[in-house]
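Trainee: Hi, could you walk me through this one? I'm new to reading structures.
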Amino acid sequence: MDPMLNSPEKSQFSPPPVYQDSPPPYTPYYPGQSVPQGPCVQGPHPGQAVVSVQPAVFVTAAPLQTPPPDYLCYSIFNLFCCCFPLGIAALIFSVSTWNANLAGQRELAEKNSKKAQTLNNFGVGLGIVIIIMAIVLKVIIH
């Protein structure tokens, strides 16, 4: 072991200052409770202003209690059995209605639901007309 480490000459610095007692405990704040004003209106350092920060508010939307219909099964039927292009469009609006229902956006859900229903009705009508025309042409030609 080095003899310089244990010698009294090694310490050229003064000992650290004595620490204060622990700071006063934090008093919690509850909603509806008046906030006590401290003796000083400036920050911990002279010339520094106190900044109050409001707590963050998180708004979450709940699913709708009575959601408009999404016509998802109708759209899938239309997609495979009647009119493929209108079925795709109706399916997109049906899924958008379903998402809006889960997000709690009633106006958007109603708008998308009405578009999905209109596209499905038009697609089924167009599919029936095409099938009837195909049958008539097959009977006339053969």
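Mentor: Happy to; we'll look at some helices and how they pack. This is a predicted model, where local features need pLDDT of at least 70, side-chain atom pairs count only at pLDDT 80 or more, and totals for chains, interfaces and linings use all residues. Residues are numbered from 1 along each chain as its sequence is written, and side-chain values use heavy atoms, leaving out hydrogens and water.

Trainee: Cool. At what angle do α2 and α4 pack?
Mentor: Helix α2 (residues 72-82) and helix α4 (residues 106-141) pack at about 25°, and their axes lie 10 Å apart. So α2 is roughly parallel to α4, a label for angles under 35 degrees. Helices here are DSSP runs of H or I with at least four residues.

Trainee: Which residues meet there?
Mentor: From α2, Tyr74, Ser75, Phe77, Asn78 and Cys82 meet residues of α4 including Leu119, Asn120 and Val124. Contact means heavy atoms within 4.5 Å.

Trainee: New topic: where is Leu86, and is it buried or exposed?
Mentor: Leu86 sits in helix α3 (residues 84-103). Leu86 is buried, at 17% relative accessible area; buried means under 20%, exposed over 50% and partly exposed in between, with a 1.4 Å probe and protein chains only.

Trainee: What does Leu86 touch?
Mentor: Leaving aside neighbours within four places in sequence, Leu86 contacts Asn78, Leu119, Phe122, Gly123 and Leu126.

Trainee: And which residues of α4 are buried?
Mentor: Among them are Ala109, Asn112, Leu119 and Gly123. The cover over the buried residues of α4 includes α2 and α3.

Notes:
Axes fitted to C-alpha atoms, helices over the stretch in contact; angles between N-to-C directions. Helix = DSSP H or I, 4+ residues; strand = E, 2+ residues; numbered from the N terminus. Parallel < 35°, antiparallel > 145°, perpendicular 65-115°, else oblique.
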